[in-house]
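Reader: I am new to this structure. Please show it to me, and let me ask how the labels are earned.

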Amino acid sequence: MGDEKVRGDPSAPSAPEYTVGDFNSTTKLADSQIISDAEYNPFEHRQTEKPNSTAGSLIHLLKSSLGTGILAMPVAFKNAGLLFGAIGTVVIGLICTHCVHILVRTSHMVCQRTRIPVLGFAETAERVFQYGPPKLRPLAGFTKAFVDYALMATYFSAGCVYIVFIATSFHDVINHETGNDWSVRIYILLTMLPVLLIGQIRELKYLVPFSALANLFIVVTFGITLYYIFKDSLEFDDKPMFASFGTLPLFFSTVIFAMEGIGVVMPVENSMAKPQHFLGCPGVLNTAMGTVIVLYAVIGFFGYVRFGDESKGSVTLNLPLEDTLAVVAQILIALAILFTFGLQFYVPMDILWRKIQDKIPKNKHMISQIALRSGIMILMGGIGLAVPELEPFIGLVGAVFFSSLGLFVPCVVETVFLWPNELGKYRWVLIKNVIFGAFSIFALVAGAKHEAQEMELQKTDNEFNSGVADNEYEPFRHRRVKKPNSTNGTIIHMLKGSLGTGILAMPSAFRNGGLVFGIIGTTLVGIIYAHCVYLLVSTSQKSCKRTRVPVLGFSETAQSVFRHGPIATQRFGNAAKAYIDYSLLIVSFFSVCVYLLFIATTLRDVVNSELGIDWDTRVYILLTALPLIFVTQVRDLRYLVPFSALANMLILVTFGITLYYIFREPIDLSQRELFPEITALPSFFGTVVYAVEGIGVVLPVENKMKNPQHFLACPGVLSIVLSFITVLYNVTGFFGYARYGSSTRASVTLNLPSEEKLALSTQLLAALAILFTLGIYYYVPMDILWRKVKHRFPAERHNIAQIGIRFSILVAMTALALGVPELEPFIGLVGSICSATLGLLTPIVLDTVFRWSTPEAFGVFRWRLVKNVILLAFGLFILVVGTYFSIKDIVDIYG
């Protein structure tokens, strides 16, 4: 990337040589005549060696905005509160996006007016003033110099933040491990030793490997951090929705510091093969900043929920130092920043050296570079010694530099360029820019003071009403839950239980259901499933009350309902419990088969396409099974959870990139089916039920709620979660099928264009995410199974028995996958048999049996019984007909 150059078209006035790493573009630009007829198209005159694709530009822009600043987002939320932090992050993200948009658009218009193919940030500002109002033209040179030196100051100040960050991380770790009480300043001085050496590297090729290693360390640290954020129940109730007005400036400046990447915008846009895609809708800018806004808001929100008022300048500093994994994370992130420092220092030094090298004799260039670099790094270390507190330092840098360059300058540039006759009706552009400019000045002035007031924790006491008759048992009041989940935390857990890889199968479901019926059918399944969950939870709560038991799980609820139901059902209590337990085991093992097939199918598509071979899916199933032999032998959950957290992040990235491919071009609905063929309906319903159903996590989540009465309230946990899921699955299914039509595959990631590297990497990321998740999915059913059978083995043979059972089940699942190596019919089969049975039929049966002894419980005309019979028929339809057609599809494929 750093060596890519953009050359002017021979037919146009010559443009300067331009490198992606060239952040100031000091080469003198040729003067040209101003034209007014918009005949000159700068995009047509750009000639770029190895231009970036649209996807590649998206990745570069994401890398510029997704840095270590994301780890500071929880402290930003600490200074704003949960609600204001979420809203404020989105608002600041939109403002930053708009300012980048107007900067790039203005650069395009200046290129067109001055007949120059490309302009950098500084040249754009210079040319705007040079061809602007006559009174402002003398300021052209100053404007260019201001942007150049502001960029240098920004990167040098960010380097100061890096030094303080590294020192603070080592301060916490080493002081904790050795019992020392050394000041952060001592660690800053120690950090300067390797920094002085790394900062002397002047060849970019020697820095790139360190940067790549740093990226790896950051990803690992990010995964470990997510694990610590989500490993225990999250408590939302004691976090304020709004902090205080005094801390808002620090919130704004911290978010701007974290999110702003204005320095790389013009280099990335100028090196694109199709620069017109940068500002498209959806384009590179909107896609990248949309991802950044969502990711930063999520990390800030949940990081603050986890650590509260103790949130530090980097969330890694909140990790428990008594855990080895947390210590590793802090060391890794410190090393990552140390390795990144060289690249961070390279950019401003390159700008500065090209400005002054002509003033120094060539025979003194070497010693001058060493002295200059050393002097600047010593100055940076001195600033770090003066301000050794990370949090206010981040706010200071964000307030002074990033708010100036990222917000104020683009607004000024656009206003001057459009002045005075192109500012829109009622001069709305001027008004808008004045507002944004005022906001940037507010962030600069108020944030520069970087004085945050200490927030007060507001704790609420949620107690149950005590006005209940003594003889009426209230199970909620008798629950003793260690670290109960708040209502908001329960919503998150429910979403995690239902939002999995099944969402990627929704476009395939719509292919079988059609656009119109797909929406109707998915909504219908969502409503029916929500009602079945309601029946299960309400029946469990009523069974707890009847049997005077605080909590009951899924299988215990079934056992209680049958034991205390009609006489004819009482003897089936134990059988009902065993049925639920083993059904949950089968569902879990079947899901592992689906995941095994998903990985194998993805690897087949990617590897066969890249190598030009034609290996069968079964070969990749066997290859995938090899690492699973070791993964499935892991029996300690703590070794699996970090991989699960990393998998969640990979799935999020995969989903975001998939949406980019779905929406990057206009969608034509004219060739898409609106309604299905009758024979395709069972597959449609089976796939939707498989994707939506997450019945296994419902009662465990409800049983751990601090306020379980909120689960079935209106609006409550259940209605909020299932409404959100239904809408999301409809949107994904509708537009996924609208994009790929009849070629839509069992997972929409398999439809991504194999000739594009971003698409291939997305498929591999999805496969890697599923591979990381397999261990924990295998752990749950094996834990249940082992507790049921371990008493049958002598204690001294437990280890060999576990190994044998785990290996045997993996062999059985691999054999099943080898027998049915097609993902789509297998998903339909699992949804028809397992998900329909547990998610639909069982709750209906339990509700009916529970009410049977009291006929009036069915309501007037026994409408509840009639309703249950109708729903039971629907569930049986999916079970019988869906299973039949899924098996028929498998037979047709392999018969």
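Author: What follows is a short exchange on labels and the values behind them. Keep in mind that this is a predicted model.

Reader: What makes R105 and E414 a salt bridge?

Author: Their closest N and O atoms are 2.3 Å apart. The cut-off is within 4 Å, so the pair qualifies.

Reader: Why is this pair said to tie parts together?

Author: R105 lies in helix 3 (residues 82-114), and E414 lies in helix 13 (residues 390-418). These parts are 309 residues apart in sequence, so the pair ties them together. R105 and E414 also belong to a network of salt bridges with K432.

Reader: Why is E414 called buried? And what is R105 called?

Author: E414 has a relative accessible area of 1%. Buried means under 20%, so E414 is buried. R105 has 32% relative accessibility. Partly exposed runs between 20% and 50%, so R105 counts as partly exposed.

Reader: How do you know that D616 and R618 form a salt bridge?

Author: Their closest N and O atoms are 3.5 Å apart. That is within 4 Å, so the rule is met. D616, at 40% relative accessible area, is partly exposed. R618, at 30%, counts as partly exposed too.

Reader: Which residue does D605 pair with, and are the two buried or exposed?

Author: D605 forms a salt bridge with R604, with the closest N and O atoms 3.1 Å apart. Both D605 and R604 are buried. By this rule the count comes to 13 salt bridges.

Reader: Why is helix 16 called largely enclosed?

Author: Helix 16 covers residues 506-513. Seven of its eight residues are buried, so the rest of the structure largely encloses this helix. Among the buried ones are M506, P507 and F510. G514 follows helix 16, and its phi is positive, near 85°.

Reader: Which residues touch the most other members of the largest nonpolar core?

Author: Y661 and F711 do, in a core of 185 residues. Helix 11 (residues 324-356) gives the most to this core, with 16 residues. Domain 1 (53-455) and domain 2 (499-894) each supply at least three residues.

Reader: What makes M241 fit for a surface patch?

Author: M241 is at 42% relative accessibility, and a patch residue needs over 30%, so M241 passes that test. M241 makes the nonpolar patch of about 420 Å² with L83, I87, V91 and F242. M241 lies in the loop between helix 7 (204-230) and helix 8 (248-259).

How values were computed: Residues are numbered from 1 along each chain as its sequence is written. This is a predicted model: local features need pLDDT of at least 70, side-chain atom pairs count only at pLDDT 80 or more; totals for chains, interfaces and linings use all residues. Side-chain values use heavy atoms; hydrogens and water are left out. Patches are made of residues with over 30% relative accessible area and no salt bridge: like charges are joined within 9 Å, nonpolar side chains (Val, Leu, Ile, Met, Phe, Trp, Tyr) within 5 Å. Accessible areas come from the Shrake-Rupley method with a 1.4 Å probe; for residues, only the protein chains shown count as cover. A salt bridge is a side-chain nitrogen of Lys or Arg within 4 Å of a carboxyl oxygen of Asp or Glu. Helices (H or I, at least four residues) and strands (E, at least two) are DSSP runs, numbered from the N terminus. Buried means under 20% relative accessible area, exposed over 50%, partly exposed in between (1.4 Å probe, protein chains only). A nonpolar core is a set of buried Ala, Val, Leu, Ile, Met, Phe, Trp, Tyr and Cys residues joined through side-chain atoms within 4.5 Å. Domain bounds come from an automatic or database domain assignment.
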